[in-house]
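Trainee: Can we go through the ligand site in this one together? I'd like to reason it out step by step.

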Amino acid sequence: MNKPENSYCNNDISNLPFIGQGGQGKVYLLPEHKVIKVFNHKSCCTDQLFTLQVATHSRFFPKVYDYDDYSIIMDFIDGIEINKYLKKHLLSKKLALELVELIREFESLGFKKLDVHLPHIFVQLDESIKVIDPRKSFKEIQPFPYNMLKGLRNRGSLKTFFEIVKSEYPGIYLSWRESWDKIEREI
Ligand SMILES: Nc1ncnc2c1ncn2[C@@H]1O[C@H](COP(=O)(O)OP(=O)(O)O)[C@@H](O)[C@H]1O
Ligand SMILES: [Mg+2]
């Protein structure tokens with residue numbers, strides 16, 4: 001028997017509050033602080049599911065509760081997108097170090113893409129962060145967080161960020177700074 005048209009993981013999404021959408025799919029609110037993300041393509045769903053499963057013990061990612069070929073049920077992530085947050089707040093030391101920890105976490109999880117776009121980073125009340133929508137984490141090779149740095153630059157926070165990283169993680173500072181300067185020189 002074919003599955004009913006709007007049914008994903010046994011949820012009729014036509015009755016669920018819509019939260020948002022991007023290029024890959026639509027996200028709806030579920031009870032118990034969860035969401036269901038319905039993907040346009042099976043391959044995108046498989047790719048994201050794989051990453052979230054690898055990251056299942058990471059404090060930075062939503063936990064997965066159920067999935068099917070086209071959808072994933074995961075935690076609802078509270079907070080505000082960091083690009084919006086930085087319009088009203090200066091980049092604090094805590095937040096800057098959270099960003100470094102996030103990229104270090106990507107690395108220790110074995111990701112090949114050590115990068116993330118600011119709208120996918122959510123700042124919590126205590127200024128810890130969480131990420132949504134990891135894409136091609138194992139397929140794309142990006143050894144430093146170019147898009148994250150570009151986002152911080154666009155928010156006027158890159159100088160502060162680099163100063164904090166320089167004093168706390170001098171090795172990471174040198175490596176990211178060098179990669180950033182090289183790309184910026186080429187543009
Ligand atoms: N786990 C989540 N918790 C809260 N909001 C979410 C969650 N996942 C997605 N969203 C919201 O839905 C929007 C689209 O989700 P996203 O995963 O980025 O979709 P796409 O892959 O299509 O870009 C996000 O910008 C965000 O506002
Ligand atoms: Mg997205």
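Mentor: Sure. Before we start, a polar contact here is a pair of N or O atoms within 3.5 Å. Keep in mind that this is a predicted model.

Trainee: Which residue has a side-chain N or O atom 2.9 Å from an oxygen atom of ligand 1?
Mentor: Let's go through the contacts to oxygen atoms of ligand 1. G22 offers a polar backbone atom at 3.1 Å, and R135 has a polar side-chain atom at 3.0 Å. The side-chain atom at 2.9 Å belongs to D133.

Trainee: How much of ligand 1's accessible area does the protein cover?
Mentor: On its own, ligand 1 has 540 Å² of accessible area. It sits in the largest pocket. The share covered by the protein is 90%.

Trainee: Which element gives the most to the shell around ligand 1?
Mentor: Four elements give two or more residues to that shell: β3 (18-21), β4 (25-30), β5 (34-39) and β7 (71-75). With three residues, the top contributor is β3.

Trainee: How many charged residues does the shell have?
Mentor: There are 18 residues around ligand 1, with Q24, G25, K37, I77 and D133 coming nearest. Seven are nonpolar and seven polar, and the number of charged ones is four.

Trainee: And where does ligand 1 lie relative to domain 1 and domain 2?
Mentor: Domain 1 covers 7-75 and domain 2 covers 80-186. Both give residues to the shell, so ligand 1 lies between them.

Technical notes. Residues are numbered from 1 along each chain as its sequence is written. Chains are lettered from A and ligands numbered from 1 in the order in which they are written. This is a predicted model: local features need pLDDT of at least 70, side-chain atom pairs count only at pLDDT 80 or more; totals for chains, interfaces and linings use all residues. Side-chain values use heavy atoms; hydrogens and water are left out. A residue is near a molecule or strand if one of its heavy atoms lies within 4 Å of it. A polar contact is a pair of N or O atoms within 3.5 Å; within protein, one must be able to donate a hydrogen and the other to accept it, and residues adjacent in sequence count only if both atoms are side-chain atoms. Accessible areas come from the Shrake-Rupley method with a 1.4 Å probe; for residues, only the protein chains shown count as cover. On a 1 Å grid over the protein atoms alone, a cavity is a set of points where a 1.4 Å probe fits but cannot get out, and a pocket is an open set with protein on both sides within 12 Å along at least five of seven lines; lining residues have an atom within 4 Å of a point. A molecule sits in a cavity or pocket if more than half of its atoms lie within 2 Å of its grid points. Ala, Val, Leu, Ile, Met, Phe, Trp, Tyr, Cys and Pro count as nonpolar, Asp, Glu, Lys and Arg as charged, and the others, Gly among them, as polar. Domain bounds come from an automatic or database domain assignment.
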